[in-house]
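These are my notes from working through one structure, kept in the order in which I looked things up. I begin with the ring contacts and end with the charged pairs.

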Amino acid sequence: MYDKLFAFFNRFFEKSTLFRVMFNISPMYRRSCGRIVFVSKDLHVVKIKIALTYKNKNYVGSMFGGSLFAATDPIYMIQLMQILGKNYVVWDKATEIKFKKPVYKNAFAVFEFTSDEIQEIIKKVATENEVNYTKKLFITDENNMIYTELDKTIYISSKDYYKKKKSLRNS
């Protein structure tokens, strides 16, 4: 559904605007208390804010860890899907999350892919058919104090290879 809406609205709006707006109005993302506040035109940089509100305060008044995770969970996957395009399959595969300090105020995270990383992924998929790519992510405050560290593993393959692999599993 989101893919079809994105394709339709992409005729009228820039991809970066659609990425931000569609995430921020999506019910699954709104529930995390995260909001995308910036998306670069090439989609290589996405910045989010996770507001501390009554909706995500835990028993001791700090931000619920599940809210921190949920606000960061889908970004890299969908960001990479949009950058690489329709000839690739991208899935979130794993996340290791380390809570360093409790968060008692608004939190922020920056999701970034360099052009070199994108080229590396494209080359690896071309030679290996599929890759597991791990990105490190930090959840910080406005002064870059680190509260949470995540290692996000993303599965990427060519669409053709993924279809063949899937059909072999199903036969």
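Entry 1, aromatic rings. I looked up F23 first and found it buried, with a relative accessible area of 5%; I keep in mind throughout that the model is a predicted one. Searching the whole structure for aromatic pairs, I obtained five of them. One of these joins F23 to Y29 in an edge-to-face arrangement, with the centres 5.1 Å apart and 85° between the planes. I then checked the partner, and Y29 counts as buried too, because its relative accessibility is 1% and the cut-off for buried is under 20%. When I asked which residues make up the cluster around this pair, the result was F19, F23 and Y29, which form one aromatic cluster.

I next turned to the pair of Y76 and F113, which is also edge-to-face, at 5.4 Å centre to centre and with 70° between the planes. This pair links distant parts of the chain, since Y76 belongs to helix α5 (residues 75–84) whereas F113 is in the loop between β4 (107–112) and α6 (115–128), the two being 37 residues apart. I noted that Y76 and F113 are both buried.

Entry 2, charges over rings. For F113 I also looked for a charged group above the ring, and found K135 lying over its face at 4.8 Å from the ring centre. A second case involves F38, where the charged end of K47 sits over the ring, 5.4 Å from its centre.

Entry 3, helix α5. Having met Y76 there, I asked myself whether α5 is enclosed or open to the outside. Eight of its 10 residues are buried, so I recorded the helix as largely enclosed by the rest of the structure. The buried residues are I75, Y76, M77, Q79, L80, Q82, I83 and L84, a list in which I noted the two glutamines, Q79 and Q82. Following the chain past the helix, I came to G85, which has a positive phi near 95°.

Entry 4, the hairpin of β1 and β2. Strand β1 (residues 34–39) and strand β2 (residues 45–50) pair in the antiparallel sense, and I counted five bridges between them. Among the residues at these bridges, R35 has K49 in β2 as its bridge partner. Five residues lie between the two strands of the hairpin, and there L43 takes a positive phi near 65°.

Entry 5, a surface patch. I asked which residues make the nonpolar surface patch of about 450 Å², and they are Y59, V60 and Y104. Of these I placed Y104, which is in the loop between β3 (88–99) and β4.

Entry 6, salt bridges. The search of the whole structure gave 13 salt bridges, and I followed several of them individually. In one, the side chains of K100 and E149 meet at 3.5 Å, N to O. K100 lies in the loop between β3 and β4 and E149 in strand β6 (residues 146–158), so this pair ties together parts that are 49 residues apart in sequence. I compared how accessible the two residues are: K100 is partly exposed at 47% relative accessibility, whereas E149 is buried with a relative accessible area of 13%.

E149 has a further salt bridge, to K136, with the closest N and O atoms 2.9 Å apart. Here too distant parts of the chain are linked, with E149 in strand β6 and K136 in strand β5 (residues 130–140), 13 residues apart. K136 counts as partly exposed, at 40% relative accessibility. Tracing the shared partners outwards, I found that salt bridges join E96, K98, K100, K136, E149 and D151 into one network.

The last pair I looked up is K124 and E120, whose side chains meet in a salt bridge at 3.5 Å, N to O. Because they are four residues apart in helix α6, about one helical turn separates them. Both ends came out as partly exposed, K124 with a relative accessible area of 33% and E120 with one of 34%.

How values were computed. Residues numbered from 1 in each chain as written. Predicted model: local features only at pLDDT ≥ 70, side-chain atom pairs only at ≥ 80, totals over all residues. Heavy atoms only, no water. Phe/Tyr/Trp six-rings, centres within 6.5 Å; stacked < 30°, edge-to-face > 60°. Buried < 20%, exposed > 50% of the residue type's maximum accessible area, 1.4 Å probe, protein only. Lys NZ or Arg CZ within 6 Å of the ring centre and 35° of its normal. Pairing = 2+ DSSP bridges. Patch = residues over 30% accessible without salt bridge, like charges linked within 9 Å, V, L, I, M, F, W, Y side chains within 5 Å. Areas by Shrake-Rupley, 256 points an atom, 1.4 Å probe, with all protein chains shown as cover. Salt bridge = Lys/Arg side-chain N within 4 Å of Asp/Glu carboxyl O.
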